[in-house]
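Let's practise reading a protein structure together. Take a look at the sequence and the 3D view, then work through the exercises at your own pace.

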Amino acid sequence: MNIDQRGFARFFSVLVAAGLLLVLAGGQAVGEEEYDEDAYGPQAPIVFIAPVKAVVFSHKTHTMDAGLECDSCHDEIFQMESGSTEQNDDFTMQSLYDGKYCGACHDGETAFASNTRCTVCHIGVKGFDRMQGGQKTDAHGGHH
Amino acid sequence: MKISDLEKLKNEGVENLPSSERRSFLKFGLSVTGVFLGGSILSLTSARNAQGIVELMPQQAQKFPYSPHYSMVIRQNRCIDCERCKEACVKTNFVPSYGYRTTILEMERETSPGESERIFMPVLCNHCNRPPCVRVCPTKATYKDKKTGIVMMDYKKCIGCKTCMAACPYNARYFKEDIRAVDKCNFCYDTRLVKGEKETACAAACPADVRVFGDLSDPDSRVYKLIHAPEKVAWVLRPETGALPNIYYMND
């Protein structure tokens with residue numbers, strides 16, 4: 001292949017990629033659907049405050065976006081009743097590492113491992129306060 | 001004082017004042033505790049490579065300035081901002097709601113377009129080897145403990161001028177109204193260490209093992225081992241101030 005041909009091939013591949021992107025973006029726009037709570041679970045994020053404050057779970061990310069069904073997790077891995085899982089004594093990181101709760105998928109193979117990327121789910125006291133609307137600032141934060 | 005007298009004074013230099021923008025990282029790594037630390041400090045130059053280049057690099061740890069040389073390693077990416085450290089500190093050291101001895105900062109860092117990660121950064125007094133707060137205190141109410149290197153407060157001597165608060169590069173001090181004096185972290189010296197506890201309240205309360213407290217001069221201590229882990233990158237906050245802090249940060 002001489003230089004001209006190679007240049008043309010590269011140009012062509014760029015065209016194809018651009019076309020693909022357009023098709024994909026178009027498909028997205030057409031396929032954009034309303035969030036259906038009956039199909040995908042509650043839209044409001046689930047916030048766990050025990051054993052530590054706080055961990056956030058989004059039904060949308062897991063069902064609508066990742067394609068999981070309700071019965072992928074309910075009722076075997078998680079009870080449907082809100083607040084029930086937090087009351088379990090074994091709702092800890094160690095249980096996750098043992099394949100329970102979130103750890104059933106977050107094992108490093110199906111989804112990112114439970115002992116990595118802590119702050120994807122852990123929003124902390126600050127994140128929790130923000131969700132409650134009131135933003136607390138540190139007392140002597142503004143000295144300098 | 002006359003100008004002619006002023007001219008005769010020795011220049012005190014700026015190395016103990018905050019924000020002098022000096023960035024001699026390797027030199028810093030050397031002088032931080034008077035030793036060469038095994039890892040790659042600030043990762044700009046691998047310490048191992050540098051060792052080959054700079055012949056004068058000491059091979060073995062020399063004498064530490066303090067014994068025990070208290071320091072803390074903060075494994076930043078493990079922090080989830082549960083703030084149990086803050087709660088424990090408040091309870092142990094009677095910290096009022098308008099101040100803190102330690103707190104958690106929050107940052108959002110873009111990892112790729114449209115994606116970001118949250119970073120929680122615990123902060124506290126860095127118990128600097130060259131503490132700017134001590135340098136500026138007019139009454140010597142704050143001082144470096146000769147044995148442990150802890151930056152301490154003598155509340156009786158504090159006149160509340162708050163110069164130390166302005167000088168601290170880490171915003172680690174607050175004015176405590178009820179004692180009319182500046183208060184700060186002292187590694188729980190009076191509340192725990194003198195009572196035989198081995199850890200600070202914050203380190204003991206951390207469920208994620210973020211805060212590792214110990215004696216940097218003891219090769220058997222966890223802080224020593226973490227800091228000297230060969231391929232581990234450790235960093236400190238605001239190294240350009242030349243304050244030589246004793247709080248080290250690393251990921252995992």
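Below are three exercises, each with a worked solution. This is a predicted model, in which local features need pLDDT of at least 70 and side-chain atom pairs count only at pLDDT 80 or more, while totals for chains, interfaces and linings use all residues. Residues are numbered from 1 along each chain as its sequence is written, and chains are lettered from A and ligands numbered from 1 in the order in which they are written.

**Exercise 1.** Find out which elements of chain B give two or more residues to the side that touches chain A.

*Solution.* Start with the contact itself: chain B supplies 20 residues and chain A supplies 13 residues. (Two residues are in contact if their C-beta atoms, placed from the backbone, lie within 7 Å.) On the side of chain B, the elements with two or more residues are strand E3 (102-112) and strand E4 (115-124). Here helices (H or I, at least four residues) and strands (E, at least two) are DSSP runs, numbered from the N terminus. E4(B) gives the most, with four residues. Now cross over to chain A: the buried residues of helix H7 (residues 124-131) are A:Gly124, A:Val125, A:Lys126 and A:Gly127, and they pack against E3 and E4 of chain B. A residue counts as buried if 20 or more other C-beta atoms lie within 10 Å of its own, exposed if 12 or fewer, and partly exposed in between.

**Exercise 2.** Explain why E2(B) is described as largely enclosed, and find its partner strands.

*Solution.* First count: five of the six residues of E2(B) are buried, so this strand is largely enclosed by the rest of the structure. Next, look for pairing, which requires that DSSP finds at least two bridges between two strands. Five bridges join E2(B) to strand E9 (residues 211-215) of chain B, running antiparallel; there, B:Ser71 has B:Gly214 as its bridge partner. Four bridges join E2(B) to strand E11 (residues 247-250) of chain B, running parallel, and B:Ile74 stands opposite B:Tyr249 in E11(B).

**Exercise 3.** Which residues touch the most other members of the largest nonpolar core?

*Solution.* A nonpolar core is a set of buried Ala, Val, Leu, Ile, Met, Phe, Trp, Tyr and Cys residues joined through C-beta atoms within 7 Å. Among the 50 residues of the largest one, the answer is B:Val73, B:Cys164, B:Cys168, B:Val223, B:Ile227 and B:Tyr248. The largest share, four residues, comes from strand E2 (residues 70-75) of chain B. Finally, follow B:Tyr248: leaving aside neighbours within four places in sequence, its contacts include B:Val73 and B:Ile227.
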